[in-house]
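Q: I'm new to this one. Can you walk me through it?
A: Sure. Have a look at it here, then ask away.

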Amino acid sequence: MAEVTSKVDKVAKLADPMESSIDASTQEMLRRAQRLNVETVFDRAVTMKPCAIGMQGICCKNCAMGPCRLPLPKDGIQGEDTRKGLCGATANTICARNFIRMIAGGAAAHSDHGRNVAITFLAAARGETHDYKIKDPIKLMQIAPYFGVATTVEVDGVVKDRDIKEIAIAVGEKAVAEWGKTSGTIDYLKRAPQPLQDKWAEAGVLPRNVDREIVEIMHRTHMGVDQDFRNLMKQGTRAALADGWGGSMIGTDLQDVLFGTPSPLQAEANLGVMKEDHVNIIVHGHEPLLSEMIVAAAQSQEMIDYAISKGAKGIQLSGICCTANEVLQRHGVPPAGTFLQQELAIITGACDAMVVDVQCIFQNLANVAKCFHTKLITTHPIARMEQDNVLHIEFDEHHAMEDAIRIVKIAVDNFTKRGADVIIPRHKSAQIAGFGVESIRYHLGGSFRGDYYTLNDNIINGRIRGIAGVVGCNNARTKHNDEHITIIKELIKNDVIVLTTGCSAIAAGMHGLLTPESAAVHCGPGLAEVCETVGIPPVLHLGSCVDNSRILLAATEVVKAGGLGKDICDLPAAGSAPEWMSEKAISIGQYFVASGVYTVFGYHMPLEGAPVFKDYLYKDMENIFGGKWDCEPDPVKHAHKMIAHIDKKRKELGIDKARDRVLMDMADRQALGME
Ligand code: SF4
Ligand code: MSK
């Protein structure tokens with residue numbers, strides 16, 4: 001081990017490993033970190049407490065007359081709320097401004113990822129880069145009409161298929177334009193159920209283009225502009241929809257076209273996927289543009305031979321955060337861990353290179369890397385680190401493979417510099433990942449009756465009580481993975497099928513919930529029967545954070561299949577982000593709410609200091625969009641709030657009795673409009 005430069009203050013309080021995580025490998029690595037005197041996020045969470053006023057959402061620093069802080073009086077608000085900042089901004093205004101600035105941050109992060117994918121897609125379509133090819137032309141043909149791109153041409157009165165390259169260029173140009181077009185609204189909005197589109201139009205929240213909605217948030221929240229929390233939220237909703245039904249959805253689709261649409265595959269999860277006798281490369285972040293190339297480079301015979309020539313048995317690639325999910329769902333590359341395990345992967349002493357792109361990357365990785373031999377490599381022009389031990393190799397789509405090979409070689413060379421003190425936790429779990437709208441249709445829909453019919457039938461007859469989306473981050477203020485796993489287990493125990501993405505999906509994989517076998521252990525009898533019959537896990541891994549758009553489209557498919565109402569808000573469904581921490585989670589939450597989903601966050605929401613604004617999100621939103629926010633830190637209560645909502649929707653649909661009856665006959669189906 002190199003000289004330790006990220007020492008924990010000897011007198012500082014340290015995190016209790018057992019209280020910090022439910023995962024044995026995380027506990028083991030945290031103990032090792034503390035033994036080696038290497039500080040991690042878990043220790044910092046003990047020594048640094050969050051600001052109480054910031055937590056309430058009522059600190060404004062939008063001009064230099066502030067920061068203005070508007071704490072709630074100790075005995076609550078009696079009578080009129082007279083709190084105001086120097087300019088007169090009320091608690092509601094300040095809280096709403098802060099909230100929608102989080103949406104802007106989140107939507108910008110997701111959408112800029114989508115933009116980079118669109119730009120690379122267009123370069124590939126035009127033949128300006130030879131490292132990327134169209135892997136899924138069928139998906140390209142499916143999405144082209146949404147952009148208004150024709151897939152056929154008429155020549156001398158005969159209709160013919162249009163040249164695929166021409167279609168790809170036209171789709172690429174249209175997609176890139178979605179970030180800045182000067183008229184109309186985002187093309188993909190028309191993929192939503194018509195009643196939802198009508199609600200958005202009536203509420204005046206149809207997003208015009210992705211960039212404009214984000215910029216307008218920054219303008220409206222500037223000192224002295226929008227001072228009506230409802231009007232501020234209207235803009236927050238526009239930007240969130242521009243993310244979910246725009247930037248993220250386009251990003252997901254074009255990644256599928258370029259890299260292949262995922263289909264279920266087997267892999268493992270947790271730090272135990274690293275191998276002591278292999279070169280270990282970890283990809284971390286969100287954009288799969290470079291990591292796709294690193295997968296190809298690491299699997300090439302040339303690089304494997306090079307690794308063997310340096311004394312390794314091969315190259316073990318693994319991932320952290322959503323870059324992990326991207327390479328998992330398309331190549332079966334195993335995730336080494338979630339967001340909170342990024343420092344721990346280096347603390348194994350076996351990480352020869354950690355390659356990071358954008359989002360969710362701790363700056364402290366550089367300090368931890370200094371304590372070991374690990375090469376930390378930043379690759380994105382917008383995400384560099386100031387520490388001098390960090391190598392920057394700027395990725396460029398025009399020479400992507402060259403960059404990837406250079407990075408893999410650096411990792412292999414670094415293998416020879418590894419210290420003797422290597423400890424890789426043994427824990428890892430098997431998992432099936434790679435689900436999506438298409439594979440749910442295939443596995444649960446049944447090819448004979450058409451899309452999603454069998455899934456709907458099972459929901460109507462009560463074997464499946466409802467659908468939950470459980471997504472999002474870890475948060476060092478909560479016990480690592482505890483809320484994710486408790487909530488998911490409680491949901492599947494009650495026959496609610498779970499769709500998961502992001503770090504929540506990695507957590508589910510680490511704790512063995514992504515296998516068909518887990519159904520018999522953890523599910524209620526109805527869901528267990530469906531999983532056993534179809535051979536799927538009760539928790540379906542749908543990908544990364546941008547792939548939450550897959551959940552929106554799966555919900556839309558369920559609506560289209562019939563029998564469960566006319567809009568997403570009619571479905572027996574609910575959303576959850578148990579351990580959220582990122583601004584992206586707030587953007588995701590708002591686009592789920594505005595798409596009609598009851599969405600419950602764990603930990604806490606920065607709204608307590610502005611009760612009127614909080615009520616607007618927790619109650620009034622439902623009258624506008626059919627979905628609303630909620631927050632419940634207790635994981636069991638959290639799950640039961642979702643289940644109560646699902647049951648309420650079953651009752652409204654008139655299928656609450658079906659859970660006793662289980663089997664539906666033709667007359668039942670006809671009554672529900674399914675025949
Ligand atoms: Fe204070 Fe108003 Fe300035 Fe915010 S904008 S810091 S509330 S004076
Ligand atoms: S990586 S945004 S910690 S899910 Fe998408 Fe995980 Fe949250 Fe980052």
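Q: Which residues do ring pairs link into a cluster?
A: This is a predicted model, to start with. The cluster holds Phe99, Phe229, Trp580, Phe601, Phe613, Tyr616 and Trp629.

Q: How many aromatic pairs does a search of the whole structure find?
A: It finds 12. One of them joins phenylalanine 99 and tryptophan 629, edge-to-face. Their centres are 5.5 Å apart, with 75 degrees between the planes.

Q: Where do phenylalanine 99 and tryptophan 629 sit?
A: Phenylalanine 99 is in helix α5, and tryptophan 629 is in strand β18. They are 530 residues apart, so the pair links distant parts of the chain.

Q: Why does tryptophan 629 count as buried?
A: Because its relative accessibility is 0%, and the cut-off for buried is under 20%. Phenylalanine 99 counts as buried too, at 1%.

Q: Why is the pair of phenylalanine 339 and phenylalanine 362 edge-to-face?
A: Their planes are at 80 degrees, so the pair is edge-to-face; the cut-off is over 60. The ring centres are 5.0 Å apart. Phenylalanine 339 lies in the loop between β8 and α14. Phenylalanine 362 lies in the loop between β9 and α15. So the pair ties together parts that are 23 residues apart in sequence.

Q: Are those two buried or exposed?
A: Phenylalanine 339 is buried, and so is phenylalanine 362.

Q: Switching to pockets. What volume does the largest pocket have?
A: About 1200 Å³. It is lined by 37 residues. The closest to its centre are Met102, Asn475, Trp580, Met581 and Ser582.

Q: Which element gives the most to that lining?
A: α5, with 8 residues. The lining as a whole divides into 21 nonpolar, 10 polar and 6 charged residues.

Q: And the second largest pocket, what volume does it have?
A: About 300 Å³. It has 16 lining residues, and Arg191, Val437, Arg441, Leu553 and Glu557 lie nearest its centre. They split into 4 nonpolar, 4 polar and 8 charged across the whole lining.

Q: Which domains does that lining draw at least three residues from?
A: Domain 1 (91-259) and domain 3 (433-673). Helix α23 gives the most, with 6 residues.

Q: Last one. Which residues are closest to ligand 1?
A: Cys60, Cys63, Cys68, Cys87 and Met223, out of 13 that surround ligand 1. That shell has 9 nonpolar, 3 polar and 1 charged.

Key
Residues are numbered from 1 along each chain as its sequence is written. Chains are lettered from A and ligands numbered from 1 in the order in which they are written. This is a predicted model: local features need pLDDT of at least 70, side-chain atom pairs count only at pLDDT 80 or more; totals for chains, interfaces and linings use all residues. Side-chain values use heavy atoms; hydrogens and water are left out. On a 1 Å grid over the protein atoms alone, a cavity is a set of points where a 1.4 Å probe fits but cannot get out, and a pocket is an open set with protein on both sides within 12 Å along at least five of seven lines; lining residues have an atom within 4 Å of a point. Grid points are joined across faces, edges and corners, and a volume is the space filled by probe spheres set on the points. Helices (H or I, at least four residues) and strands (E, at least two) are DSSP runs, numbered from the N terminus. Ala, Val, Leu, Ile, Met, Phe, Trp, Tyr, Cys and Pro count as nonpolar, Asp, Glu, Lys and Arg as charged, and the others, Gly among them, as polar. Domain bounds come from an automatic or database domain assignment. A residue is near a molecule or strand if one of its heavy atoms lies within 4 Å of it. Rings of Phe, Tyr and Trp (its six-membered ring) pair if their centres lie within 6.5 Å; planes under 30 degrees apart count as stacked, over 60 as edge-to-face and the rest as tilted. Buried means under 20% relative accessible area, exposed over 50%, partly exposed in between (1.4 Å probe, protein chains only).
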